[in-house]
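Here are a few exercises to work through with the model open in your viewer. Try each task before reading its solution.

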Amino acid sequence: MTASPAPLGVFVTPVTPLQQNCTVVWCTTTQRCAVIDPGGSVDAVLGEVARRGLTVEAIWITHGHLDHAGGAAEMQEKTGVEIIGPHRADQFWIDGIAAQGQMYGVPEARGFTPTRWLADGDTLTLGQTRWQVFHTPGHTPGHVIFHCAEARFAQVGDVLFRGSVGRTDFPQSDPQALIRSIVEKLWPLGDDVTFVPGHGPVSTFGQERRDNAFVADRVLASRA
């Protein structure tokens, strides 16, 4: 018996001085891909897309911070595809991307108008793969994550990291909402789900439930 090929391919390119994980995901049957959070280095990302023989179908945005979304306008101009996401509550962050770029050494960063805003419970298709969208406020009010159940994979932006969680010291951040997003939206997806965070190494939800200093099960139980 021959095992079926994995339904999903993934490569990650750290971009901007903030080393944000721009994540390209693709359907291995159709070679159609989505670029998640193109914060910068657009030509480098598109060059790798071309080298792998992929076709960009869409740009997906988890939230409106410049390191995640500052290159979306340029990528849309160069590919002609739609920008999908985040949730409308991050409009003010998108409007401020150019000013943020001047502050953080990313002068080419620009704002944009999404083709489609996302809401909790939305679904997306990419080739023959199907994705669930979850609204996960806390880091920003309009943050969303993307989950492919068939591949046991998620891209979670700045909600959760290996050993840490997203910052909540920004305008309209909410630390209690962030914890609720993790516990109520991420954990039920399953301990075996592998996730790419917005920064740093890949992990699994199970690993974070065991030893994350902020949201491990034992940590949260001690605060109850």
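**Exercise 1: the sheet**

In this predicted model, β4 and β5 run parallel and are joined by 3 bridges. Work out which residue of β5 is the bridge partner of isoleucine 59, then find which strands stand at the edges of the sheet.

*Solution.*
- Step 1. Start with the pair: isoleucine 59 has isoleucine 83 in β5 as its bridge partner.
- Step 2. Now go wider. The open sheet is built from 5 strands, ordered β1-β2-β3-β4-β5, and its pairing is mixed.
- Step 3. β1 (8-15) and β5 each have a single partner strand, so one side of each lacks a neighbour in the sheet, and these two are the edges.
- Step 4. From one strand to the next, the twist averages 25°.

**Exercise 2: the helix across the strands**

Find which strands α1 lies across, and its angle to β1.

*Solution.*
- Step 1. Look along α1 (42-51): this helix lies across β1, β2 (20-27), β3 and β4.
- Step 2. Compare directions: α1 runs at about 155° to β1.

**Exercise 3: the buried side of α3**

Explain why Ala72, Ala73 and Met75 are on the same side of α3, and say what covers the buried residues there.

*Solution.*
- Step 1. Pick out the residues: in α3 (residues 72-79), Ala72, Ala73 and Met75 are buried, with under 20% relative accessible area as the cut-off.
- Step 2. Around the axis they span an arc of only 165°, which puts them on the same side of α3.
- Step 3. The cover over the buried residues of α3 includes β3 (32-36), α1, β4 (55-60), α2 (66-69) and β5 (82-84).
- Step 4. Carry on just past α3, and you meet glycine 80 with a positive phi of about 75°.

Definitions and conventions:
Residues are numbered from 1 along each chain as its sequence is written. This is a predicted model: local features need pLDDT of at least 70, side-chain atom pairs count only at pLDDT 80 or more; totals for chains, interfaces and linings use all residues. Side-chain values use heavy atoms; hydrogens and water are left out. Buried means under 20% relative accessible area, exposed over 50%, partly exposed in between (1.4 Å probe, protein chains only). Helices (H or I, at least four residues) and strands (E, at least two) are DSSP runs, numbered from the N terminus. The arc is that of the directions from the helix axis to the C-beta atoms. Contact means heavy atoms within 4.5 Å. Two strands pair if DSSP finds at least two bridges between them. Axes are lines fitted to C-alpha atoms, for helices over the stretch in contact, and angles run from 0 to 180 degrees between N-to-C directions.
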